[in-house]
Amino acid sequence: MKKISLLLAFLLWAQTSYAAVEKWNRWIGYPLLNDAWRYDDRLRLPGDDQLKSAYLRNTFFCGVLAQELKYHLDQGKITSIEIVFSNKGDVPNHARRAIAQAKKRLRDDLTRLAGKPKTGKFGLARFKNKADFWETPDAVFALEADAGDYVILHIYPPGETPRTQSSGDVRKKIRQLDLPRRIQRNSFGDVFLVIPQVDQGGKGYCVPATYARILRYYEIDSVGMHQLAALFNSDREDGTSLKDAHKKVSPIFRSVGIGIRKQGDIALPAIKKAIDNGTPLLWILYADPRYEDIRFRNTKSRGGDPKSWRRNKITKSKRNSLPKEECAHACLIVGYNLLTEEIAVSNSWQSEADGQPTWVPFRVAKKFSAGESFLFEP
C-alpha cells in the first residue's frame, strides 16, 4: 500500500486560521475542518473526485486511535468527513472492547462540548444506521456505532443533518442515471467503466467492499463497507460467505430498483452486453500468484497495434500457485476488448485507487474463474 504523508499536509494546513471551526479542530487534534468546507488538495489523499480516503498509521483523532479518514465531496465541496475508529476488521484483537471505549470517549467529549445529543437513524430506508447527533453552528456530528463491528464519527457542514433516504427517492434517482454515457472507449478498442473506489485495506473485506463500490456507482453513499461487513458477519481472515451475503444484500438492492442476476461462469458475450448497458459485474475468482503475475505484467506491457497485441498478450506466469481456498476473491469486471480478447477488472485495493482498470486475457480469466458472476442492473 502506498504510504501517505498525512502529518506533513496537516502541518502545512495548520498555518491557516479557521476561526469558526477552531475549537473543533483543537478537539480533533488536526485541522480537518475549514470555514469554506472545501477539500484542500495539500492533503493529497488518494481517491476519485467524490471520495478521498486513506488508511492511517498510529494516528489519533479526538484522543482515539483512528484507522481510516474519508472525505466525501461534491465538486470539491466537502459534504461529509468520516473517521473510522475501532472496527473488527482493522482491530482484530479485543475489537469489541476497543469499540466500546472509543464510543464512550467520543460521546462523552461531544456531550461536554455540544450538549446532550439527539438520537436517531440515517442511511437507506431498508438499511438504517443508529446514531447520536450533535448540531452546532459550526458543524454537525453523528456518532454511529455497532457494538461488535465498528465506531464511526461523521462530520457534516452546519445545517446538513443527515437524513434517511427513502427507497422511492433513490429509485427515482437511479432511473434518471444515464449509465451508457459513463462508458469510456479508446482507439485501442477498450470499452470500460470507471467505478468509484472503496479500499478494503489489509483485511478480507473484498465482498463488502465490492458491494459498497456498486452502491456508490449507483450514487448510494449511505451504506458503506463497514456496515455491509457487519451485515455479512465478515471476518478479517476468513472473509465473507458469498451465499449468505447475496441473501442478505439482495433486499437492499431490490428496495431501490436494482436487480441482482446470477450469471454463472464468465462469458465474453455476457460481459459485452453488461458493459454496453453501463452495468458492472461482480466476479468470484481464485486470484492466486499466477493470475496476479499475468494481470500485472499484461496491463503494464499492453499497447501498440491491437491485432499484434492479440497475438503477443501475456498468458503465462512466472510464479507458483497456492491452494484455491487461500485465493478466493471478489472483484468487478468493468470492461472488455473484443479485438484483443481481454477483459478489464477492478479490485477494492489502494493500488488501484486511480480508478483505471487492469486487463486480463479472457482465457486466463476463465482459467482462474470460480464459476460465479453477478449482474447488477436497474
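**Close-up 1. Cysteines without bridges: the structure holds zero disulfides.** This is a predicted model, and the cysteines in this view stay unpaired. Take C327: the closest cysteine sulfur to its own belongs to C206 and sits 12 Å away, too far for a bond. For scale, a disulfide would need the two sulfur atoms within 2.5 Å. C327 counts as buried, at 5% relative accessibility. C62 is buried too, with a relative accessible area of 1%.

**Close-up 2. Y211 and F253, one of 14 aromatic pairs.** Counting ring pairs gives 14 in total. In this one, the ring centres of Y211 and F253 lie 6.1 Å apart with the planes at 50°, so the pair goes down as tilted. Y211 belongs to helix α5 (residues 206–217) and F253 to helix α7 (residues 242–255), so the contact ties together parts that are 42 residues apart in sequence. How accessible is Y211, buried or exposed? Y211 comes out at 0% relative accessibility, which makes it buried. F253 is buried as well, with a relative accessible area of 0%.

**Close-up 3. Neighbours in sequence, edge-to-face: Y217 and Y218.** Here the ring centres are 5.3 Å apart and the planes meet at 75°, so this pair is edge-to-face. Y217 counts as buried at 2% relative accessibility, and Y218 does so at 1%. Y217 has a charged partner as well: R182 lies over the face of its ring, 4.7 Å from the ring centre.

**Close-up 4. A four-ring cluster built from Y211, F232, F253 and F376.** Step back from the tilted pair of Y211 and F253 and you can pick up F232 and F376, since ring pairs link these four residues into a cluster.

**Close-up 5. The largest pocket, with about 1000 Å³ of space.** Its lining takes in 40 residues, and H72, T79, S80, D221 and S222 are the ones nearest the centre. Which elements give two or more residues to this lining? They are the strands β1 (51–61), β2 (64–74), β3 (77–87), β4 (118–124) and β7 (150–156), plus the helices α5 and α6 (225–232). If you are thinking about chemistry, the lining splits into twelve nonpolar, 15 polar and 13 charged residues.

**Close-up 6. The second largest pocket, at about 690 Å³.** Some 30 residues line this pocket, with Q200, G204, C206, A328 and H329 nearest its centre. Two or more lining residues come from each of α5, α9 (289–301) and β13 (328–337). The largest share, three residues, is supplied by β13. By class, you get twelve nonpolar, nine polar and nine charged residues around this pocket. C206 turns up here among the residues nearest the centre, and its sulfur is also the closest cysteine sulfur to that of C327.

**Close-up 7. A closed-off space: the one cavity of 30 Å³ or more.** About 70 Å³ of space lies inside this cavity. What lines it? The wall is made of P46, G47, L51, K52, S53, Q197, V198, D199, W349, Q350 and A353. That works out to five nonpolar, four polar and two charged residues.

Technical notes. Residues numbered from 1 in each chain as written. Predicted model: local features only at pLDDT ≥ 70, side-chain atom pairs only at ≥ 80, totals over all residues. Heavy atoms only, no water. Phe/Tyr/Trp six-rings, centres within 6.5 Å; stacked < 30°, edge-to-face > 60°. Helix = DSSP H or I, 4+ residues; strand = E, 2+ residues; numbered from the N terminus. Buried < 20%, exposed > 50% of the residue type's maximum accessible area, 1.4 Å probe, protein only. Lys NZ or Arg CZ within 6 Å of the ring centre and 35° of its normal. 1 Å grid on protein atoms, 1.4 Å probe; cavity = no way out; pocket = protein on both sides within 12 Å on 5 of 7 lines; lining within 4 Å. Points joined across faces, edges and corners; volume = space filled by probe spheres on them. Nonpolar A, V, L, I, M, F, W, Y, C, P; charged D, E, K, R; others polar.
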